[in-house]
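Good morning, and thank you for the time. I would like to take you through one model, beginning with its overall layout and then turning to individual residues.

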Amino acid sequence: MEKNETIECCPECGNPLISTFIIFSAEWFCFKCKWAGGIFDSITKNWTENRQIKYNQLKKDFDNAVKGYVPPGCKYENCDKCNRNELKTDKYHLWHLTKIEKTAHEKARKLLFFQHNKIVRN
Ligand SMILES: [Zn+2]
Ligand SMILES: [Zn+2]
């Protein structure tokens, strides 16, 4: 029971938040209204089955939406270009994305950093 007593929710729309480390300085992300905030900005609500179901759905949608995101400075184990270390111009995976990968990456990046930019400005 202890693990599921509370659930962190969005201060804007009240939906369960996704915990993320992808977005620098925004540990919480609301996939519903795209709110993002720091670790102390969330609202703690009592755990209910309904909230858990909502969370599971939002987490699934979030994971789907950001799965194309390629973090900077990352090498992919199963990528030939990443493994050819001698090529300085192709050092990281982000530097040699295919057209499809690039489209998915840009889409995810826009979603993830839209709200983050707002936080920085505040
Ligand atoms: Zn929200
Ligand atoms: Zn690569």
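**Layout, sheet and core**

Read from the N terminus, the elements of this chain follow the order β-β-β-β-β-α-α-α. That gives 3 helices and 5 strands, where helices (H or I, at least four residues) and strands (E, at least two) are DSSP runs numbered from the N terminus.

Two remarks on conventions. The model is predicted, and local features need pLDDT of at least 70, side-chain atom pairs count only at pLDDT 80 or more, while totals for chains, interfaces and linings use all residues. Residues are numbered from 1 along each chain as its sequence is written, and chains are lettered from A and ligands numbered from 1 in the order in which they are written.

How much of the chain is buried? Of the 122 residues, 15% are buried. The term buried requires 20 or more other C-beta atoms within 10 Å of the residue's own; exposed means 12 or fewer, and partly exposed lies in between, with C-beta atoms placed from the backbone. Turning to contacts between residues at least 6 apart in sequence, 52% join residues at least 24 apart. Two residues are in contact if their C-beta atoms, placed from the backbone, lie within 7 Å.

Let us consider the sheet. It is open, it has 3 strands in the order 2-3-4, and the pairing is antiparallel. Strand 2 (18–19) and strand 4 stand at the edges with a single partner strand each, so one side of each has no neighbour in the sheet. Pairing here requires at least two bridges found by DSSP between two strands. Strands 2 and 3 are joined in the antiparallel sense by 2 bridges, and Ile-18 has Phe-29 of strand 3 as its bridge partner. In general, strands of a sheet pair through backbone hydrogen bonds, either parallel or antiparallel.

Phe-29 appears again in the largest nonpolar core, which has 14 residues; Leu-17, Phe-29 and Cys-30 have the most contacts inside it. Strand 3 (28–29) and helix 1 (49–66) each supply at least two residues of this core. By nonpolar core I mean a set of buried Ala, Val, Leu, Ile, Met, Phe, Trp, Tyr and Cys residues joined through C-beta atoms within 7 Å. Which residues does Leu-17 contact, leaving aside neighbours within four places in sequence? They are Glu-8, Cys-9, Cys-10, Trp-28, Phe-29, Cys-30 and Ser-42.

**Two loop residues**

Thr-20 sits in the loop between strand 2 and strand 3. Thr-20 is classed as partly exposed because 15 other C-beta atoms lie within 10 Å. Residues up to four places away in sequence aside, Thr-20 touches Glu-27 and Phe-29. From Thr-20 to Ala-36, 16 residues apart in sequence, the C-alpha distance is 9.8 Å.

Lys-34 belongs to the loop between strand 3 and strand 4 (36–37). Although Lys-34 is not a glycine, its phi is positive, about 65°. As background, most residues other than glycine have a negative phi. Lys-34 counts as partly exposed because it has 15 C-beta neighbours inside 10 Å.

**Residues in the helices**

Buried, partly exposed or exposed: which describes Asp-63? Asp-63, in helix 1, counts as exposed, since it has 11 C-beta neighbours inside 10 Å. Asp-63 and Phe-31 are 32 residues apart in sequence, with their C-alpha atoms 9.9 Å apart.

Ala-65 is also found in helix 1. With 15 C-beta neighbours inside 10 Å, Ala-65 is partly exposed. Apart from residues up to four places away in sequence, Ala-65 touches Ala-108 and Leu-111. A C-alpha separation of 9.7 Å is found between Ala-65 and His-105, 40 residues apart along the chain.

Finally, Lys-102 is placed in helix 3 (residues 99–121). Lys-102 is partly exposed, with 14 C-beta neighbours inside 10 Å. The C-alpha atoms of Lys-102 and Val-70 lie 9.0 Å apart, with their positions 32 residues apart along the chain.
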